[in-house]
Amino acid sequence: MTSSRKPPPFGRTLCAMITPFTESGALDLDGAQRLAAWLVAEGCDGLVLNGTTGESPTTSDEEKTRLITAVREAVGDRAALVAGVGTADTRHTVELTLAAGKAGADGVLVVTPYYSRPPQEAVAGHFRQIADASELPVMLYDIPGRTGTRIEPETMIRLAGHPRIVAVKDCSYDFLGTQKVLARTELAYYSGCDEHVLALYAVGAAGYVSTVANAVPAHFAAILAAFDAGDTARATELQLAATPLTEAMMGSDLPGTVTAKALLARLGLPAGPVRAPLLPADRKTTDTLLARYETLTDA
C-alpha cells in the first residue's frame, strides 16, 4: 500500500531547527550549516528556520537573513526552507517576508499576532497582507497557547481561498476544529505537536513540523513512512516509542528550544547556549533527555 495524498508544498517531514550559537552567544553559521545538512541527510524534507524553536524573539533581522542564506548554501535544493517571519506588527512581518524571499526561503511561517489579541477579522487581514506582499507560499501558525489568539476554523476556511495561503502548522489542540478545516479546504496541515504526528496524519494531514526531530529526525520520518506503506501497527509502535523523549523535551516546564539544545550538545551536534531570557537546562534534565534518547535509539 502506498499513499495517494496530494504532494505537500514543503514536503512531509519538517524539522523546526534550533539556531546554533557560539559559546559567546553569537550566531554560529558554520554550526547551522552542519546541523542542517545532518538533518536533511537523516530524513527531513524541509527545515523551518527562525521559528520559536530557533529563538526568533532574540535574533535580529540581520541574523535571520544570514541564517537562511547559510542554510540554503548547505542544503541546496535537497530540502525546502520555510522561514519564520511572524511578529505582532504586520509591517515588520511583511519586511521579514520580503527579506526571507531574497535570502532563499521557499515559504514563510506566519504566527498569529501576539499579545494584542486582535479579533478574527483583523487576524485574517494580517495574514492576507502578508500573502499579498510576496510570491512566497504561506504557512499559517495556529498556537493560541503562546499568542493568546486562535485562528478560528471559520477564519482558516476563509483564508484558504487565498492562492498563496497553502498550509497550517497546527498547535491548536483542537482536533475537532482541525478536522473541520481539513474536510472543507485543501490546506496542507502539519502537526506542530510531536505527540499528534500520527493522529493528525491519519486524518489527512500533510506531515509535521517537529522540534523533537532536531535529535531524532529519522525516527519521526519512519512514522510517516510506515503509515504510507500501510503498516499502521508499526507506525503506532514508533509514535508511542517516542513518547518518553517527547514528554521530556516538550512536556516539561522548559521550552523545546532549551531541551533540544541541551540534548544536541550532549550528542556532539551544533547547538550552543540559549539566549536570555532563556536559561540552559540543568544537569539532571540533560541526563534524563540523554537517557530517553538512548532508550529510543537503542530499541
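## Exercises on cavities, salt bridges and a barrel

The lining of the second largest cavity divides into 5 nonpolar, 3 polar and 4 charged residues. Here Ala, Val, Leu, Ile, Met, Phe, Trp, Tyr, Cys and Pro count as nonpolar, Asp, Glu, Lys and Arg as charged, and the others, Gly among them, as polar.

The model is predicted, with pLDDT of at least 70 required for local features and 80 or more for side-chain atom pairs, while totals for chains, interfaces and linings use all residues. Residues are numbered from 1 along each chain as its sequence is written, and side-chain values use heavy atoms, without hydrogens and water.

### Exercise 1: the second largest cavity

Find the residues that line the second largest cavity, and trace them to their elements.

Step 1. Start with the space itself: its volume is about 30 Å³. A cavity is a set of points on a 1 Å grid over the protein atoms alone where a 1.4 Å probe fits but cannot get out, and lining residues have an atom within 4 Å of a point. Points are joined across faces, edges and corners, and the volume is the space filled by probe spheres set on them.

Step 2. Now list the lining: Asp142, Arg150, Ile151, Glu152, Pro153, Met156, Asp170, Ser172, Gly177, Thr178, Val181 and Tyr189.

Step 3. Two or more of these residues come from each of α6 (153–159) and α7 (175–184). Helices (H or I, at least four residues) and strands (E, at least two) are DSSP runs numbered from the N terminus. The largest share, 3 residues, belongs to α7.

### Exercise 2: the largest cavity

Work out how many cavities of 30 Å³ or more there are, and what surrounds the largest one.

Step 1. The count comes to 2 cavities of 30 Å³ or more, and the largest has a volume of about 60 Å³.

Step 2. Around the largest cavity you will find Asn50, Asp61, Lys64, Thr65, Ile68, Ala83, Gly84, Val85, Leu96, Ala99 and Ala100.

Step 3. The elements that give two or more residues to this lining are α2 (61–75), β3 (80–84) and α3 (90–103). Helix α2 makes the largest contribution, with 4 residues.

Step 4. Sort the lining by type and you get 6 nonpolar, 3 polar and 2 charged residues.

### Exercise 3: the largest pocket

Describe the largest pocket by its volume, its central residues and its elements.

Step 1. The largest pocket holds about 470 Å³ of space. A pocket is an open set of points with protein on both sides within 12 Å along at least five of seven lines.

Step 2. It is lined by 29 residues, of which Ile143, Arg146, Cys171, Gly192 and Met250 are the closest to its centre.

Step 3. Helices α5, α11 (243–250) and α12 each give two or more residues to the lining of the largest pocket.

Step 4. By type, the lining of the largest pocket has 12 nonpolar, 12 polar and 5 charged residues.

### Exercise 4: salt bridges across the chain

For three salt bridges, locate both partners and say whether each is buried or partly exposed.

Step 1. The whole structure has 14 salt bridges, each a side-chain nitrogen of Lys or Arg within 4 Å of a carboxyl oxygen of Asp or Glu.

Step 2. Take Lys261 and Glu55, whose side chains meet with an N to O distance of 2.7 Å. Lys261 sits in helix α12 (residues 256–266) and Glu55 in the loop between β2 (46–49) and α2, 206 residues apart. Lys261 has a relative accessible area of 2% and is buried, and Glu55 is also buried at 2%. Buried means under 20%, exposed over 50% and partly exposed in between, with a 1.4 Å probe and protein chains only.

Step 3. Next come Arg150 and Asp174, with their closest N and O atoms 3.0 Å apart. Arg150 lies in the loop between α5 (144–147) and α6, and Asp174 in the loop between β6 and α7, 24 residues apart. At 17%, Arg150 is buried; at 22%, Asp174 is partly exposed. Arg150 also belongs to a salt-bridge network with Asp142 and Asp174, and both Asp142 and Arg150 line the second largest cavity from Exercise 1.

Step 4. Finish with Asp287 and Arg266, whose closest N and O atoms are 3.0 Å apart. Asp287 is in helix α13 (residues 283–298) and Arg266 in helix α12, 21 residues apart. Both are partly exposed: Asp287 at 32% and Arg266 at 35%.

### Exercise 5: the barrel

Give the strand order of the barrel, then follow one pair of strands down to a bridge.

Step 1. The 8 strands form a closed barrel in the order β1-β2-β3-β4-β5-β6-β7-β8, with parallel pairing. Two strands pair if DSSP finds at least two bridges between them.

Step 2. Strands β6 (residues 165–170) and β7 (residues 188–191) are a parallel pair with 4 bridges. One of the bridge partnerships joins Ala167 to Ala188 in β7.
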